[in-house]
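Please go through this structure and explain what lies behind the terms used for it.

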Number of protein chains: 2
Amino acid sequence: MSEVYAERRARLRARCAAAGSAAALVSGAANVRYLAGGAPPGAVLLVGAAPGTGSASGSGAGEDTLLCSRPPTGDPAEGRLDERLRRTVLPPAGGDPAVAAAETARAAGADTLAVEEHHLSVARYRAIGAVAPGLRVTDLGTAVEQDRVVKDEDEIGCLRIAAEITDQALGELLESILVGRTERHLALELERRLVDHGADGPAFPTSVATGPHSGRRGHRPTDRRVEEGDFLSVCLGADYRGYRVEIGRTFVIGTSPADWQIELYDLVFAAQRAAREALAPGAACRDVDRAARQILASAGHGDGLAPFLGHGVGLEIEEDPQLAPGAMGKLDACVPVTVEPGVHLPGRGGVRIDDTLVVRQVADGGPELLTITTKELLAL
Amino acid sequence: MSEVYAERRARLRARCAAAGSAAALVSGAANVRYLAGGAPPGAVLLVGAAPGTGSASGSGAGEDTLLCSRPPTGDPAEGRLDERLRRTVLPPAGGDPAVAAAETARAAGADTLAVEEHHLSVARYRAIGAVAPGLRVTDLGTAVEQDRVVKDEDEIGCLRIAAEITDQALGELLESILVGRTERHLALELERRLVDHGADGPAFPTSVATGPHSGRRGHRPTDRRVEEGDFLSVCLGADYRGYRVEIGRTFVIGTSPADWQIELYDLVFAAQRAAREALAPGAACRDVDRAARQILASAGHGDGLAPFLGHGVGLEIEEDPQLAPGAMGKLDACVPVTVEPGVHLPGRGGVRIDDTLVVRQVADGGPELLTITTKELLAL
């Protein structure tokens, strides 16, 4: 795996060199993990221009250095650091690794440092300017995030395992007695089962929503108990080696769903299927969103919809691309995204159906569904 | 409770006015919750100079406004928003509430806006400058964090309940069979018990460390199983209405601790007691740290010690003050802090003992211990 990280860093170095920056300071935790294999809390990565490639404007920093605020613990949840990283530096206690990185870059002869202005606080930015006044600080922007959008097969392998774990945890819950249990307990049980099946942890806080809460995106579990006749919607996902997926399903509690429940379920299911079928390399992100949104809107549910239909997943549970009305980009092959339409009727409840899929060429079989739990309307 | 939040905001307004700022933009989540009673994810709070108090340099923004990226859900984990907040604004989908706040301040006639440079990213800072070019943007610094250091009795009441919940969860664990269970399972069970007893959630990721892992601060639970003869160290805490405490204890598994275990335990216990006894209004933070550190150092454990002995707790699990060798301040009454020395012997394990206490005057009975689980060396 070590070469993968070295190649990713080489790509970033080349990009920086092309933009006239001798070195880049990566401070977003997922970005650090993507480039270094692991990310102890608070660690930053200094990626220097490779020796010999220094631009005319100055020599490169020459090596890649991880700077941590405490020693890496070797904890698997922090990932496995690439041992090729030439040096790991610990600033003095209380010191800011980002500031230490700027000092390191300056000492190595770099004249320009590209930083992630969307992650770095103004205070840290000023501190960098104060310790390295001769250093020109530029904006790296979301260069690393953009590199992370298309996944390699190892990354997709991790997502596939995360999805298997998630399906297992959900499947076990469906076999247990649900009536009378609280949302909080069901959520905790799902998280325990994720870990039982090999997850490093939940990918995000598990959502369990019953009755009038059902169908609400991101509902935080309460002490409400599952009752006969309820809709029950759950949303959960595993983190496996840092890679995160999500699944959302809605069930009915009791033997026979009411007519309004069947109708609403069928509608959301149709919207979700339309969006899944719209996933293809070259498809505009906004068109995938529209495929689902227009079905829900034409049934009179256009107003309360979430501002987006889905999003990329990977080392973060929400990353690029976003599937939304205002999204500008197009999908590529090997991009994993969620497709998660939902309708919530205030006071009554609602339906959400959420899958994680990988965009694939038609010749490769079309979108690859990672979360395979049935989407039939089960009565539990 | 509503008056409390209004008073806190009035204090901030007065401070801003004194510094020449018409308005303040608060973006740190715990700071927003402290001033508004709740904090939906991503929400920011615009605190305007009160009407009529506009400084000579310009008129005040005149009101306080919460700006959210999505509607508040009423979820108890987000807190209970002060209904006196005059307006709650939702920027357009995808819009940045901080940028919308700057526009709002400008529209209300503010000429200066103080922002939290230690929270706000450089990119958001630049976006604020772009939408409100006439606005002078200054640094609010850690003004709100400093106001949060000394707690009122309602806040201490929440911490006391959080500690009771934590003690209950830990007490139940001690009554169960431990040998053969994994660190991960024990951590999940502790978190479930915290929620069972009324916590909004764990205050931080629960740490369970067995055998050679024991005594390591912040150890992330693994699949290692508890064995006879192990040290077992746990660190956990409840979040109750946003207020967070922590407790850490170390036990021996089996009937008779080894001599080295007793010796190490007694040493850490003595260090912890010395630091607890040093807690008093007016005591220098570094002196409290030294009280424990010198006992551990004189026994030959000076090198591997954590860079700090303890820290404040409240709406965040780590906040000011820090009890560390380089800390400059003094303690005040009604400041809750942790006292958590530990020694870890690589390959063998170690001991950590961690309490949350409130600094009190001697006349009021001295430091108030919130986490009351016994610190005897129990053999489980």
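The questions and answers below deal with a predicted model.

Q: What makes A:Arg11 and A:Asp147 a salt bridge?
A: The closest N and O atoms of A:Arg11 and A:Asp147 are 3.8 Å apart. The rule asks for a side-chain nitrogen of Lys or Arg within 4 Å of a carboxyl oxygen of Asp or Glu, so the pair qualifies. A:Arg11 lies in helix α1 of chain A and A:Asp147 in helix α5 (residues 143-149) of chain A, so the salt bridge ties together parts that are 136 residues apart in sequence. Over all chains, the structure holds 61 salt bridges.

Q: Why are β3 and β4 of chain A called paired strands?
A: Pairing requires at least two bridges between two strands, and 3 bridges join β3 (residues 64-67) to β4 in chain A. The requirement is therefore met. The two strands run parallel; one of the bridges links A:Thr65 to A:Arg87 in β4(A).

Q: What is the order of the strands in the sheet of chain A?
A: The order is β4-β3-β2-β1-β5-β6, an open sheet of 6 strands with mixed pairing. β4 (87-89) and β6 (136-139) of chain A each have a single partner strand, so they stand at the edges with one side left without a neighbour in the sheet. From one strand to the next, the twist averages 25°.

Q: Which strands of chain A does helix α1 touch as it packs on the sheet?
A: Helix α1 (residues 2-18) touches β1 (23-26), β2 (44-48) and β3 of chain A. Its direction makes about 60° with that of β2(A). Helix α2 (residues 29-36) of chain A lies across β1, β2 and β3 of chain A, and runs at about 50° to β2(A).

Q: How many salt bridges does the rule find across the interface of chain A and chain B?
A: The rule finds 2. One of them joins the side chains of B:Arg126 and A:Glu117, with N to O at 2.7 Å. The cut-off is 4 Å, so this pair counts. There are also 14 residue pairs in polar contact between chain A and chain B.

Q: What makes up the side of chain A that touches chain B?
A: Its residues divide into 10 nonpolar, 5 polar and 9 charged. The elements giving two or more residues to this side are α4 (122-131) and α7 (183-196) of chain A. The largest share, 6 residues, comes from α7(A).

Q: How much area do chain A and chain B bury between them?
A: They bury about 2,200 Å², 56% of it on carbon and sulfur atoms. The contact takes 24 residues from chain A and 24 residues from chain B.

How values were computed:
Residues numbered from 1 in each chain as written. Chains lettered and ligands numbered in written order. Predicted model: local features only at pLDDT ≥ 70, side-chain atom pairs only at ≥ 80, totals over all residues. Heavy atoms only, no water. Helix = DSSP H or I, 4+ residues; strand = E, 2+ residues; numbered from the N terminus. Axes fitted to C-alpha atoms, helices over the stretch in contact; angles between N-to-C directions. Contact = heavy atoms within 4.5 Å. Buried area = accessible area lost by both parts, 1.4 Å probe. Polar contact = N/O pair within 3.5 Å; in protein donor to acceptor, adjacent residues only side chain to side chain. Nonpolar A, V, L, I, M, F, W, Y, C, P; charged D, E, K, R; others polar.
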